[in-house]
Amino acid sequence: MFERPDVGERAVLVHIDFTAHDGTEDPGEFRELVTSAGVEPVFTVTGSRKQPSPRFFVGEGKLEEIRDAVAANEADVVLFNHALSPRQERNIEHELKCRVLDRTGVILDIFAQRARTHEGKLQVELAQLEHMSTRLVRGWTHLERQKGGIGLRGPGETQLETDRRLLRERIKSIHKRLEKVRRQRNQGRRARERADIPTVSLVGYTNAGKSTLFNRITTSSVYAADQLFATLDPTLRRLELPDIGPVVMADTVGFIRHLPHKLVEAFRATLEETTQATLLLHIIDCHDPRRDENIEQVEEVLAEIGADEIPMLQVFNKIDLLENFTPRVERNEEGIPVRAWVSAVTGEGLDGLFDAIVERVAEDVVHHFVLLGPADGKLRALLHEAGSVLSEEYRDSGDTVVEVRLQNRDWQQLLSRAGVNEKSIRLDGGHA
């Protein structure tokens, strides 16, 4: 769409600290983003200001420094670790005579490279088009004129207006197709709900090790790499848990600090897998120096998509990078597992994590001792058929004390099928 050179492989990065603003971006993380996009950062220009310049974002002296860095390093593109307005991008490009991208543009480029499924590609295209719609004027300034010539004289519409109209139509078309994908996803989710299949969804900051852990737990082969946004499309796998049965585990796109709102909106269909989960596994890179800030960012995004009320188990990953650290599971005052320390690479602590997942998902599992008489043979047979009998004790009277453990809904269904009153057979028990 734009008649300008493509993004090159050599980039000058620009990072400015603003004293009047909180929440400054991390230059190290931005360098990782740029590398993940397949671009080589050759030089970083840093500086500080009270607030951005309305015209060039940076001051004229800093702009001259960037121009010199581009020339000295033969850079093809200048990447800002900030959000630029369309006007600022246009002005900087005009001065530097090279392509300029802001932080959102870099993230969108990575997403475009990583999308594999039809839905993922649609979501990326939607985010790109919505980001591009405010920047169209930059690419088409040479066409901002009326169409003319014999038979074509008169007002008509400018080329720019035509392109804006086509862009709006394409965005509208993608929204319709994504709505269809969302309905299909909802149908699959409703089918799982009817079958009472719980969903465990992995969430976390990008590059925290979600896909590596997902592969370990599900013995799957999802693409995992030490780079930002290695996973873009959601992946679902079926898993069998003791006492619970089948569970669907979902690996989702990683979050990032100040994730652009357009991306959150565009990926809402993907993130809905998170909002409908039975349990969230919040995967955290425990070796990251900005660990606590990353946790806050993930929790902010979860709140934004309406998933902050879902039960959560924090999983502190990469303990193999810590010295003399042994894996463990931490519990709250009520004895419920809330935090697990593991290494997805070495497998340390995964047994404890697995038990913690079972315990959290199985909060609706009942553990009962029941007294079955000779007339309760049907219920006894159904319990054995369901594989929920842990032990049996025979009494001289001919009765049997059976220890059972199963989901509460299955327990109620078996009682109904056998026509037995729970109060007449329960000896002792409660929730596991």
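These legends walk through several close-up views of a predicted model.

**View 1. The whole chain, for orientation.** Before zooming in, it helps to meet the chain as a whole: it holds 15 helices and 15 strands. Of its 432 residues, 49% count as buried. Among contacts with a separation of 6 or more, 71% join residues that are 24 or more positions apart.

**View 2. An open sheet of 4 strands.** Follow the strands across the sheet and you meet them in the order E2-E1-E3-E4, with parallel pairing. Strand E2 (40-49) and strand E4 (99-101) stand at the edges with a single partner strand each, so one side of each has no neighbour in the sheet. From one strand to the next, the twist averages 20°. As background, the strands of a sheet pair through backbone hydrogen bonds, in either a parallel or an antiparallel way.

**View 3. Where strand E3 meets strand E4.** Here we look at one pair from the sheet. Strand E3 (residues 77-80) runs parallel to E4, and 3 bridges join the two. To find your way, look for Val 78, whose bridge partner in E4 is Val 100.

**View 4. Helix H2 lying across the strands.** Helix H2 (residues 60-73) lies across strand E1 (10-18), E2 and E3. Relative to E2, helix H2 runs at about 170°.

**View 5. Helix H2 packed with helix H3.** Two packed helices are described by the angle between their axes and by the distance between those axes. For H2 and helix H3 (residues 86-96), the angle is about 55° and the axes are 10 Å apart. The two helices are therefore oblique to each other, and their crossing is right-handed. Leu 63, Ile 66 and Arg 67 come from H2, and they meet Ile 92, Glu 95 and Leu 96 of H3. By class, the residues of this contact are 4 nonpolar, no polar and 2 charged.

**View 6. Helix H8 packed with helix H12.** The last close-up moves along the chain to helix H8 (residues 210-218) and helix H12 (residues 350-361), which pack at an angle of about 80° with their axes 12 Å apart. At that angle, H8 is roughly perpendicular to H12. On the H8 side, the contact is made by Leu 213, Arg 216 and Ile 217, while H12 brings Leu 350, Leu 353, Phe 354 and Ile 357. The contact of H8 with H12 has 6 nonpolar residues, no polar ones and 1 charged.

Conventions
Residues numbered from 1 in each chain as written. Predicted model: local features only at pLDDT ≥ 70, side-chain atom pairs only at ≥ 80, totals over all residues. Heavy atoms only, no water. Pairing = 2+ DSSP bridges. Axes fitted to C-alpha atoms, helices over the stretch in contact; angles between N-to-C directions. Contact = heavy atoms within 4.5 Å. Parallel < 35°, antiparallel > 145°, perpendicular 65-115°, else oblique. Left-handed = near helix turned anticlockwise from the far one by under 90°. Nonpolar A, V, L, I, M, F, W, Y, C, P; charged D, E, K, R; others polar. Buried < 20%, exposed > 50% of the residue type's maximum accessible area, 1.4 Å probe, protein only.
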